[in-house]
Every structure is written in structure tokens, then in C-alpha cells.
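Got your viewer open? Load the model and follow along, selecting as we go.

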Amino acid sequence: MAKIENDFFERVYQVVRLIPPGRVTSYGAIARFLGSAQSSRMVGYAMNSSHAQAVYVPAHRVVNRKGMLTGKHFFGGPNTMQELLASEGISILDDTITNFQELFWDPNKELMKGFE
DNA sequence: AGTCTGACCGGGG
DNA sequence: ACCCCGGCCAGAC
């Protein structure tokens with residue numbers, strides 16, 4: 001039987017949970033960290049099922065490479081995602097994170113840095 | 001079991 | 001700098 005850690009979706013969730021509040025990352029960055037740089041679409045698809053997870057997944061901290069809140073419509077309300085990010089001190093303009101580059105949290109850098 | 005789709009990305013026009 | 005198109009992977013019908 002497949003281990004939970006081996007499931008692609010579950011690995012995505014684990015990475016997303018590691019994103020510090022007030023920081024964001026992109027689907028592609030997570031996909032690359034998992035070894036499938038070309039599976040960025042799967043990361044977004046995994047977020048679609050993130051609501052069903054027992055452990056909370058801060059999916060609002062994941063945006064596309066442009067810093068746009070492409071998945072905002074998949075949250076409870078039309079502006080739920082933006083409000084969640086705003087509550088963490090992130091400023092958004094026109095569904096796009098203004099200082100995206102500064103707040104960008106790259107798992108390939110942050111996690112590998114502390115990796116033994 | 002085959003087909004389609006998707007909260008994307010990168011490159012080319 | 002903007003828009004469009006192909007690719008890639010796993011789940012849903």
C-alpha cells in the first residue's frame with residue numbers, strides 16, 4: 001500500500017504547510033522542489049482537494065509565477081483568499097501581490113538550506 | 001480503459 | 001511587453 005508521504009498530493013500539502021505566514025510561493029516552485037518541474041499544474045490541482053485534508057493547508061499562500069491570486073475563486077468567498085493574505089500583512093492590488101518578489105518563499109532555497 | 005481537463009510554466013510571435 | 005500555444009501528470013467521468 002502506498003505510503004502517505006509518497007503521494008504527490010500529500011507531499012504538496014506538506015510543503016505548503018511549511019510556508020511561513022506573510023510569505024508566498026508559486027506552484028512551479030513547489031513542483032520543482034518535488035522533482036517534477038513540469039507538473040506545476042498538478043500542484044494547483046492538489047490545492048483543489050486541499051480543503052478535504054484533515055490538516056489545515058494554507059493554500060492562499062500559493063499563487064502563480066506572476067503573483068496573481070488565480071485560485072481566489074476556489075475559496076469560500078470571492079475575496080476570501082485576498083483577505084487571508086491581507087491578514088498576514090500582504091498587500092494586494094488588482095488580484096496581484098504587489099511586492100511578490102520580496103515575499104516570495106522558494107522551497108528550493110529555504111528548505112534545502114536547512115537540509116542536512 | 002480511454003479521454004478530458006486543470007488554482008501552471010516557458011517559450012515564441 | 002503582451003498574447004497565444006504546446007507540454008506534462010494525475011484524478012475524475
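This tour goes from the DNA contact surface to the aromatic rings.

A quick note on the setup: this is a predicted model, where local features need pLDDT of at least 70, side-chain atom pairs count only at pLDDT 80 or more, and totals for chains, interfaces and linings use all residues. Residues are numbered from 1 along each chain as its sequence is written, chains are lettered from A and ligands numbered from 1 in the order in which they are written, and side-chain values use heavy atoms, with hydrogens and water left out.

**Stop 1: DNA strand C.** Select Phe9, Gln38, Ser39, Arg41, Met42 and Tyr45, the residues around DNA strand C (a heavy atom within 4 Å of the strand). Sugar and phosphate make up 57% of the strand C atoms that come within 4 Å of the protein. Helix 3 (residues 40–48) gives the most to this surface, with three residues (helices are DSSP runs of H or I, at least four residues).

**Stop 2: the bases.** Zoom in on Arg41: an N or O atom of its side chain sits 2.7 Å from a base nitrogen of DNA strand C. At Gln38, a backbone N or O atom is 3.4 Å from a base oxygen of DNA strand C.

**Stop 3: the rings.** Show Phe9 and Tyr13, both in helix 1 (residues 8–17) and four residues apart. Their ring centres are 6.4 Å apart and their planes at 80°, so the pair is edge-to-face (centres within 6.5 Å, planes over 60 degrees apart). Phe9 is partly exposed at 25% relative accessibility, while Tyr13 is buried at 1% (buried is under 20% relative accessible area, exposed over 50%, partly exposed in between, with a 1.4 Å probe and protein chains only). Add Tyr45 to see the cluster that ring pairs make of Phe9, Tyr13 and Tyr45.

Definitions and conventions. Polar contact = N/O pair within 3.5 Å; in protein donor to acceptor, adjacent residues only side chain to side chain. Helix = DSSP H or I, 4+ residues; strand = E, 2+ residues; numbered from the N terminus. Phe/Tyr/Trp six-rings, centres within 6.5 Å; stacked < 30°, edge-to-face > 60°.
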